[in-house]
Amino acid sequence: MKPVKQTKAKTAKKTKPTEPRYDLRLYVAGQTPRSLQALSNLKKICEEHLAGDYRVEIIDLLKKPQLAAGDQILAIPTLVRTLPKPARKIIGDLSNTDRVLVGLDIRLLR
Amino acid sequence: MKEKSRPRLSKALTGISGLDEITLGGLPRGRPTLICGGAGCGKTLFGLEFLVRGATEFGEPGVCISFEESGHDLAMNVASLGFDLEKLQRTKKLVIDHIYIDKSEIAETGEYDLEGLFIRLDAAINSIGAKRVLLDTPEALFAGLSDVGVLRSELRRLFGWLKEKGVTAVITGERGVATLTRHGLEEYVSDCVILLDHRVQNDAVTRRLRILKYRGSTHGTNEYPFLIDEHGISVLPVTSLGLTHGASKERISTGIAGLDDMLSGQGYFRGSSILATGAAGTGKTTMGAHFVDAACQRGESAILFAFEESPQQLIRNMRSIGLDLGRWVKKGLLHIEAARPTAFGLEMHLVRMHHLLAEYKANVVVIDPISALLPGGSAHDVHALVLRVVDFLKQSGATGFFTSVAVEDDMQSTALSISSLVDTWILLRNIEVNGERNRVLYVLKSRGMAHSNQIREFLLTPHGVQLRDVYLGPGGVLTGSARVAREAEERRELLRQRQSEKDRQLSVKVALRSLDAKIAELQAEKEARENQLIAAIGENEQQKAALLADRDSLRRSRGMIDSSGRSPRPNGRESKP
């Protein structure tokens with residue numbers, strides 16, 4: 001499964017990101033240090049392990065509080081993997097990369 | 001009224017019947033209140049009723065954050081209580097947000113806080129301008145999140161935030177083994193803590209409520225029974241916090257003419273409590289039926305709680321003494337509520353009484369017999385119940401008539417020891433003498449009125465209860481046949497007296513008549529004598545005339561009469577002048 005995934009990721013990146021494999025949403029509440037920390041951690045992980053085959057949407061609940069109910073957001077920050085199914089959630093500032101990868105069910109590319 | 005001048009803690013009425021009385025005005029406004037208790041004791045319902053009443057009765061919209069059940073489930077659960085959550089949500093009086101955490105789909109990495117919860121709560125509150133919040137129960141979070149330290153500090157922050165927000169919040173918590181709540185929520189919510197309890201006693205479940213603490217306010221401190229029925233939560237006592245009921249001077253008939261007479265001719269006071277005690281078969285129910293019948297005849301509304309007979313049975317039985325209760329039932333003036341005392345717990349009985357009294361606006365309430373409730377709880381419980389019944393009847397101005405079965409030997413100690421609570425106490429007794437059993441009654445006490453001290457026999461006749469005079473014989477009171485015999489003897493005596501009276505009158509009349517006769521006789525004799533006298537006088541005159549005539553004729557014959565006809569002096573002196 002490992003090689004399949006790799007190739008698929010590459011092709012997806014090269015052709016066109018019509019539908020990226022990973023659809024991620026990061027819920028934050030304003031520009032708190034913890035939110036910024038989570039964002040930078042997420043970027044790093046995505047760059048390193050998802051090889052561009054992803055999409056990240058950042059939702060600031062202070063601006064759009066009504067969006068919190070849909071994904072059952074309670075803790076901030078929360079990262080939601082909406083694709084691939086099933087949805088998974090990771091809460092916290094994503095400082096533990098290994099746990100994030102496990103949580104997102106991402107196999108290491110290396 | 002002194003209280004008004006002092007600054008008082010602002011309170012929010014819950015609208016839950018009874019609770020506002022105990023808390024003297026509701027829950028602390030703008031502060032969180034913790035409701036804790038075991039599973040199934042009514043925490044969620046308590047919270048929901050608080051929200052619904054707030055939205056519908058006090059114009060305070062509410063937000064329900066449910067951590068356990070979905071909004072739909074909640075709506076279904078309380079629909080049977082007449083709470084339409086869906087409609088309240090449509091009309092923007094209520095927002096239900098279901099927050100759940102599934103641990104299996106969540107991973108925790110690094111630091112986080114529960115800002116999301118705050119944001120959602122804030123959004124919900126702002127969307128409808130909510131004044132009330134229910135959190136049911138935040139402890140569920142402990143199952144979903146592993147970082148207890150964060151959770152605790154966030155909960156502490158949440159309660160502080162709620163206070164700052166100025167909403168009146170109710171937070172529920174499951175009872176822990178050694179603590180009030182499993183996760184120690186009471187550490188954070190310290191303004192008001194209400195404990196709900198749920199216990200089984202004599203096979204009947206009793207729910208109880210206790211206000212553990214209420215900072216800044218006095219409150220009822222007892223354990224109060226409460227129950228959940230189709231009207232929501234009712235906490236008891238609803239009215240027995242004070243003795244403030246008014247006292248009517250109006251009198252109402254007992255329904256028995258003779259008994260009215262015993263109570264200075266007018267019957268009971270309206271709004272008073274009457275107790276009729278007696279052994280089995282002394283006519284307690286009949287007394288109650290009479291009272292109800294009299295009330296309905298006046299056009300008043302009455303409720304009869306029958307714990308021993310079905311309504312049909314009662315109506316049939318009362319018909320045998322000429323009381324047609326059926327027609328009052330048909331007219332809607334009388335409601336007979338029959339239930340086995342063991343059908344529910346004591347509180348349920350009391351609440352049913354409350355609801356029925358409010359529903360029928362009854363003027364007269366008969367509980368037959370109140371002693372039937374005794375097996376439903378401890379003597380203490382029953383006594384408290386009866387106290388509450390008496391109180392709330394008085395408070396509502398209804399006249400209460402209770403019957404109670406007493407042991408024949410020990411008439412004065414009622415099993416319920418409620419005699420001191422009632423205003424009028426009528427004792428019914430059986431008297432066994434000369435091989436028969438007869439019913440007597442007497443008024444043991446009747447506050448505020450002159451009442452007879454006589455023991456009276458009463459009969460159950462086809463025309464109702466009738467009181468008879470009781471005769472005192474050498475062996476005590478005469479009842480039954482002895483009384484009848486005595487009555488017959490009295491009648492004979494009376495007859496005899498009348499007869500002799502007649503005789504005497506007659507003899508006097510005879511005497512008078514004979515006197516009259518004598519008078520007539522004497523009168524006649526008198527007349528005869530008078531006649532004789534007259535006759536005698538007449539005779540005398542005639543004799544005189546005849547004598548003169550004789551003398552004249554003699555003189556003439558002797559030539560001594562002149563031509564003038566004058567008679568010459570017989571002694572010759574005539575010739576001298």
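**Exercise 1. Is Lys361(B) buried or exposed, and what is the sign of its phi?**

Step 1. Start with accessibility: Lys361(B) has a relative accessible area of 64%. With a 1.4 Å probe and protein chains only, buried means under 20%, exposed over 50%, and partly exposed in between. Lys361(B) is therefore exposed.

Step 2. Turn to the backbone: Lys361(B) is not a glycine, yet has a positive phi of about 50 degrees. Most residues other than glycine have a negative phi.

Step 3. Place the residue: Lys361(B) sits in the loop between helix H13 (346–360) and strand S18 of chain B. Helices (H or I, at least four residues) and strands (E, at least two) are DSSP runs, numbered from the N terminus.

A word on the model before going on. This is a predicted model, in which local features need pLDDT of at least 70 and side-chain atom pairs count only at pLDDT 80 or more, while totals for chains, interfaces and linings use all residues. Residues are numbered from 1 along each chain as its sequence is written, chains are lettered from A and ligands numbered from 1 in the order in which they are written, and side-chain values use heavy atoms, with hydrogens and water left out.

**Exercise 2. Find Leu94(A): what is its phi, and is Leu94(A) buried or exposed?**

Step 1. Leu94(A) is not a glycine either, and its phi is positive, about 60 degrees.

Step 2. Look in the loop between strand S4 (88–91) and helix H3 (97–104) of chain A to find Leu94(A).

Step 3. The relative accessibility of Leu94(A) is 0%, so Leu94(A) counts as buried.

**Exercise 3. Which peptide bond that ends at Pro77(A), and which that ends at Pro369(B), is cis?**

Step 1. In chain A, the bond from Ile76(A) to Pro77(A) is cis, with omega near -5 degrees. Pro77(A) belongs to the loop between strand S2 (54–60) and strand S3 (78–83) of that chain.

Step 2. In chain B, the bond from Asp368(B) to Pro369(B) is cis, with omega near -15 degrees. Pro369(B) is in the loop between strand S18 (364–368) and helix H14 (379–395) of chain B.

Step 3. For background, most peptide bonds are trans.

**Exercise 4. Which element gives the most residues to the largest nonpolar core?**

Step 1. A nonpolar core is a set of buried Ala, Val, Leu, Ile, Met, Phe, Trp, Tyr and Cys residues joined through side-chain atoms within 4.5 Å. The largest one has 42 residues, and those touching the most other members are Val63(B), Leu121(B), Leu135(B), Leu158(B), Phe159(B) and Leu162(B).

Step 2. Elements of chain B that give two or more residues to this core include helix H6 (115–128), strand S7 (132–136) and helix H8 (148–165). H8(B) gives the most, with 7 residues.

Step 3. Zoom in on Leu162(B): leaving aside neighbours within four places in sequence, its contacts (heavy atoms within 4.5 Å) are Leu121(B), Val133(B), Leu135(B), Val167(B), Ala169(B) and Ile171(B).

Step 4. There is also a second, separate core of 39 residues, with Tyr268(B), Cys296(B), Leu304(B) and Leu325(B) among them.

**Exercise 5. Which backbone nitrogen lies 2.8 Å from a polar side-chain atom of Glu154(B)?**

Step 1. Glu154(B) is in helix H8 of chain B. Its relative accessibility is 7%, so Glu154(B) counts as buried.

Step 2. The backbone nitrogen is that of Leu114(B).

Step 3. Beyond four places in sequence, Glu154(B) is in contact with Asp113(B), Leu114(B), Glu115(B) and Phe118(B).

**Exercise 6. How many residues does each chain bring to the contact, and how many salt bridges cross the interface?**

Step 1. Chain B brings 24 residues and chain A brings 26.

Step 2. The buried area is about 2000 Å², with 57% from carbon and sulfur atoms; buried area is the accessible area (1.4 Å probe) that two parts lose on being put together, summed over both. Thr109(B), Ile119(B) and Arg120(B) supply 30% of the area that chain B buries against chain A.

Step 3. Across the interface there are 2 salt bridges, each a side-chain nitrogen of Lys or Arg within 4 Å of a carboxyl oxygen of Asp or Glu. Asp113(B) and Arg34(A) meet in a salt bridge at 3.1 Å, N to O.

Step 4. On the side of chain B that touches chain A, H6(B) gives the most, with 6 residues.

Conventions:
A polar contact is a pair of N or O atoms within 3.5 Å; within protein, one must be able to donate a hydrogen and the other to accept it, and residues adjacent in sequence count only if both atoms are side-chain atoms.
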